[in-house]
Amino acid sequence: MAFTAGTLALAGCSSKGGDTSSDTAAAPSGGTSSSSSSSSAPAATALKPVLPAGDGKAKCASGLSLAYIGTINGDSAALGQAIRNGAKLAVDQHNAANPGCKVGFKQFDSEGSPDKAPGVVTQAINSKDIIGVVGLPFSGESKAVGKAFNSAGLVTITPSATNPGLSQNGWKTFFRALGNDASQGPAAAKFISDDLKASKVCVIQDDSEYGTGLGAAVKKALGSKVTCTDDVKTKQTDFSATVNKVVGAQPDAVFYAGYYPEAGPLAQQLKQQGYQGKFVAPDGTKDPEFIKAAGQSAAQGAYFTCPCVPADAAAKFASEYKKAYGTEPQTYSSEAYDAATIQLAGIDKGNTTRAKLLTWVKGYDADGITKHYKFAADGELSGTVAIWSYVVKGNEIVKYKQLS
C-alpha cells in the first residue's frame with residue numbers, strides 16, 4: 001500500500017502456496033543468491049517455508065531487537081495493527097523456541113503520517129540495539145524516511161507499501177515483500193473490464209502517495225473506459241460532489257484508490273443516492289473496518305484487489321494468529337510475519353549487526369508462508385508477483401479469484 005491497500009486482491013498464478021500446516025522449515029541460502037529460483041513464487045503448489053522457530057538451537061548475544069514502525073493509532077490503524085501483530089507473532093515464536101537467542105521487539109507509532117514518521121524513525125535509528133525493521137506500511141511515510149534508513153544502513157522490509165517509485169530512489173536498505181502498484185493497477189483494470197464486464201468506469205483517488213499513484217496506474221490501464229474521474233482528500237467525510245458526478249455519469253463500476261476511512265463513507269453515500277454499479281477498491285481498503293464504515297448494505301458485493309495471499313494459503317499461521325490475538329489475520333499480517341522471519345533467520349545465522357543483516361537480506365533466497373523471497377538489486381521481489389481479488393459477503397471479506 002502506499003498507505004496500505006485494498007479490499008480486492010490480485011495474485012500471480014504461481015505465488016500462492018498450499019496449506020503450510022505440515023511444512024518443515026527450509027534453510028535459506030544466506031548471503032548468496034541462487035539462480036535455481038527466479039520467481040517470487042515457486043512453481044510447486046506447496047511452499048517449504050522458513051519459520052521463526054528455526055531449529056531451536058540459535059545462540060546470540062542479548063540486546064538485539066527488531067522494530068515495527070508504522071501506524072498503531074492513526075486513521076487507518078487497523079491496517080497497521082494487523083501488520084504489527086504478524087511481525088510480533090514471528091518474534092514471539094522465535095523467542096519461545098530459542099532460549100539462547102532472545103530478540104527484542106520494539107514498536108514505533110508513525111500514525112501513517114509522512115510528517116510524523118521521520119521523528120519516530122530517528123528514534124529507531126538512534127536505538128543501536130535495533131538491527132532490522134518491519135515497515136513502514138504506507139507509501140507516503142516510506143518515501144519520507146527511506147533516505148534516513150539508507151544513511152543509517154538499517155534494513156527495512158515493507159509488507160505493504162506498494163508505490164512503485166519507492167524502489168527507484170537508490171536506497172540500498174529498502175526491500176518490498178509484495179508486488180507493487182505497477183502490477184496491481186493493470187490487474188485491477190483487467191478485472192474490472194473482463195470479470196465485471198464494465199465498459200464505463202469512474203476512477204476516484206485520494207491525495208496520498210498511494211492513492212495518486214495507484215489511481216494513475218488504473219486509469220492508464222483502463223484507457224477509454226474511464227468516463228469520469230474525481231479527487232478527494234484524506235479525512236474527507238462529505239462526498240456529495242463526487243457522488244453527484246458518479247450518479248450523473250452512470251458508470252458500470254467505480255474504482256476508489258485510497259484507504260478504508262474514506263472508502264467506507266463514499267460507498268455508503270453512493271448507495272444512498274441510488275448508484276447501482278460495482279464498487280472496487282485496492283488493498284488499502286481491504287479491512288473489516290470498511291464494512292463498518294460503509295454499513296453492511298452498502299458494503300455488500302464490494303470488490304478489492306490486493307497483492308496479498310488469502311489466509312487459507314497458510315492455515316497453520318492463521319490458526320496461530322487467531323490464538324494469539326483472538327481475531328483472524330488481516331491484510332498483510334502474513335507478509336509481515338514473513339518479513340520478520342527473514343530477519344530472524346539472519347540473526348540465528350550470526351548476522352547480528354546492521355551491516356551483516358543487510359547483507360543477509362540482499363542475498364536471501366527461500367520460501368516464506370506466502371511466497372518465495374528473493375530480492376532484485378532495487379529491493380523488489382524477483383520474478384512473478386501475486387495479485388488476488390476479494391469480495392464482501394455478509395460481515396466478511398472473502399477471496400474471490402486469483403488474477404494473473
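How many bridges join S2 to strand S3, and which way do the two strands run? Keep in mind that you're looking at a predicted model. Here S3, residues 103-109, is joined to S2 by seven bridges, and the two strands run parallel. To find a spot where they pair, look for Ala 67, which stands opposite Lys 106 in S3.

Now follow the chain from one strand to the other. Together with helix H1 (residues 77-97), S2 and S3 make up a β-α-β unit, and its hand is right. S2 also pairs with strand S4, residues 130-135: five bridges join them, and they run parallel as well. On that side, Ile 69 stands opposite Gly 135 in S4.

With those partners in place, how does S2 itself sit? Seven of the seven residues in S2 (residues 64-70) are buried, so the strand is largely enclosed by the rest of the structure. In a regular strand, side chains alternate between the two faces of the sheet. In S2, Leu 64, Leu 66, Tyr 68 and Gly 70 point one way, while Ser 65, Ala 67 and Ile 69 point the other way, and all of them are buried.

Let's move on to the nonpolar cores. The largest one has 99 residues, and those with the most contacts inside it are Phe 255, Leu 266, Phe 279, Phe 290, Ile 342, Ile 347 and Val 361. There's also a second, separate core of 14 residues, and Ala 67 from the strand we just walked along is in it, as are Val 120, Val 133 and Phe 149. Back in the largest core, pick out Val 361: leaving aside residues up to four places away in sequence, it touches Val 155, Ile 157, Phe 175, Ile 342, Gln 343 and Phe 375.

Next, have a look at helix H11, residues 333-348. Its 16 residues reach 22 Å from the first C-alpha to the last, close to the 22 Å expected at 1.5 Å a residue. H11 is mostly covered, with 15 of its 16 residues buried. Just after the helix, Gly 350 takes a positive phi of about 95°.

Finally, zoom out to the whole chain. You'll find 12 helices and 15 strands, and 59% of the 404 residues count as buried. Of the contacts with a separation of 6 or more, 77% are between residues 24 or more positions apart. The accessible surface comes to about 14600 Å², and 49% of that belongs to carbon and sulfur atoms.

Notes:
Residues are numbered from 1 along each chain as its sequence is written. This is a predicted model: local features need pLDDT of at least 70, side-chain atom pairs count only at pLDDT 80 or more; totals for chains, interfaces and linings use all residues. Side-chain values use heavy atoms; hydrogens and water are left out. A nonpolar core is a set of buried Ala, Val, Leu, Ile, Met, Phe, Trp, Tyr and Cys residues joined through side-chain atoms within 4.5 Å. Buried means under 20% relative accessible area, exposed over 50%, partly exposed in between (1.4 Å probe, protein chains only). Contact means heavy atoms within 4.5 Å. Helices (H or I, at least four residues) and strands (E, at least two) are DSSP runs, numbered from the N terminus. Two strands pair if DSSP finds at least two bridges between them. A crossover is right-handed if, with the strands pointing away from the viewer, the path from the first strand over the helix to the second runs clockwise. The expected span of a helix is 1.5 Å times one less than its number of residues. Accessible areas come from the Shrake-Rupley method with a 1.4 Å probe; for residues, only the protein chains shown count as cover.
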